[in-house]
Amino acid sequence: MAMTAAEVLKMVQENEVKFVDFRFADTRGKEQHVTVPVSHFDIDKFESGHAFDGSSIAGWKGIEASDMILMPDPNTANIDPFMEETTLFMQCDVIEPADGKGYDRDPRSIAKRAEAYLKSSGLGDTAYFGPEPEFFIFDSVRWKIDMSGCFVKIDSDEASWTTGEKIEGGNSGHRPTVKGGYFPVPPVDSFQDMRSEMCLILESLGIPVEVHHHEVAGAGQNEIGTKFSTLVERADWTQNLKYVVWNVAHSYGKTATFMPKPIVGDNGSGMHVHQSIWKDGVNLFAGDGYAGLSDTALFYIGGIIKHAKALNAITNPGTNSYKRLVPGFEAPVKLAYSAKNRSASIRIPHVANPKGRRIETRFPDPLANVYLCFAALLMAGLDGIQNKIHPGEAASKDLYHLPPEEDALIPTVCASLEEALENLDKDREFLTRGGVFSDSMIDAYIELKMQDVQRMRMTTHPAEFDMYYSL
């Protein structure tokens, strides 16, 4: 049952809450917050919202139209597990004061409009999403970029490169090898207790945890598997998961990152996204076609494959994302689908019960703004269903090791953020249906992300000294 505003006020009283924190996601997906003392928190905050300046958020309003309203969602209320003073937090929608509607560049409002569009299309009434964001935990990280040069240095006691270090108290030698983190027992896996603490905190916030484990990369790559839910709620949960991971790592004196490719030569972090569409309590993806899928599910896959290059701008939104998506390595770059084949970018997980039938899109990464990512995947899938876009035959072979003539026939994801942004610019109509994404939002998004492209383009890389200094 959804929580009401009255129940939140009761929660404030019962827990002797001192502060209320209003949270929202910016275009990049980074959560922002503003806090009010409990003396300035009452039922009016749920009716009139909390005013703030939208012009300071990257990719949002100009200074001439800066006033915005944060409208808290009572159903997201939780006691913050990390604050010294008792603080209740809620996720908010960003409201345009002029018309009282969700701001067209607010990611959470876009996700809500995607859910509403699904219902209005008549194709289904509920979209379920289940993301699997991977992350790294390091001991410390340092970097510097200026005119004199640049460097980045990662310190990780668990990394294979520390076997030769002199460590106070002795070097135990128990650590994963490169690509050997999946998943030996402790002491090789040194993050068991930290992940367990993260899981207990997630459960205390109402996010059901299904599994936690070390991931493939050696120097502290981890994953916590949490339950699927509806599009907006699942995006809220993912924001909370990131918050918990960062802060628990911080409390241990460590640092966590969801950057897709922080380490050269070891696995990157992906965010596989499980999806299904339901109507009247029936899973529309279950059927008697390939791997137990319905035509609806196959057409949904067809839509994702058709729009994959435009989706990349949203599902893989950093220049760093494309250091992970490189052909010839174990990365889901091939736009094909398969039941057993993990080399395909869309996999159909094996489940005994047809109710669990779903598809898993494997190319997204955890740098994505989850509200935009889920909304865009849904819009692409719905276009596939509406236009009956069949994805062709399933891939039965290992797509990583195909003969060149077969390899050339299978399309791939984008090779760079710039290519992805060009594709989004050309192929955007499917996102704007039902007013879910606006053209001005997509323009602002492309402009914001092109700043990243331009910065990388203009920054001399240490590898270039290696390749060109003596030529």
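## Helix α1 and a pocket

Visitor: What sort of phi does E16 take, just after α1, positive or negative?
Guide: A positive one, about 50 degrees. Keep in mind that this is a predicted model.

Visitor: Back up to the helix. Which residues of α1 are buried?
Guide: Helix α1 covers residues 5-14. Its buried residues are A5, V8, M11 and V12.

Visitor: Why do they line one face of the helix?
Guide: Look down the axis of α1. The buried residues fall within an arc of 110 degrees, so one face of the helix holds them.

Visitor: And which exposed residues sit on the face turned away from the buried side?
Guide: That face of α1 carries A6, Q13 and E14.

Visitor: What do the buried residues of α1 pack against?
Guide: One helix and two strands: α2 (44-47), plus β5 (78-79) and β6 (87-96).

Visitor: New topic, pockets. What volume does the second largest pocket have?
Guide: About 250 Å³.

Visitor: Which of its lining residues are closest to the centre?
Guide: N75, T76, E233, D236 and W237. In total, 17 residues line this second largest pocket.

Visitor: Which elements give two or more residues to that lining?
Guide: Helices α3 (107-121) and α5 (231-251) do.

Visitor: Where does the largest share come from?
Guide: From α5, which supplies 5 residues of the lining.

Visitor: How many of the lining residues are nonpolar, polar and charged?
Guide: The second largest pocket is lined by 6 charged, 6 polar and 5 nonpolar residues.

Terms used. Residues numbered from 1 in each chain as written. Predicted model: local features only at pLDDT ≥ 70, side-chain atom pairs only at ≥ 80, totals over all residues. Heavy atoms only, no water. 1 Å grid on protein atoms, 1.4 Å probe; cavity = no way out; pocket = protein on both sides within 12 Å on 5 of 7 lines; lining within 4 Å. Points joined across faces, edges and corners; volume = space filled by probe spheres on them. Helix = DSSP H or I, 4+ residues; strand = E, 2+ residues; numbered from the N terminus. Nonpolar A, V, L, I, M, F, W, Y, C, P; charged D, E, K, R; others polar. Buried < 20%, exposed > 50% of the residue type's maximum accessible area, 1.4 Å probe, protein only. Arc of directions from axis to C-beta. Contact = heavy atoms within 4.5 Å.
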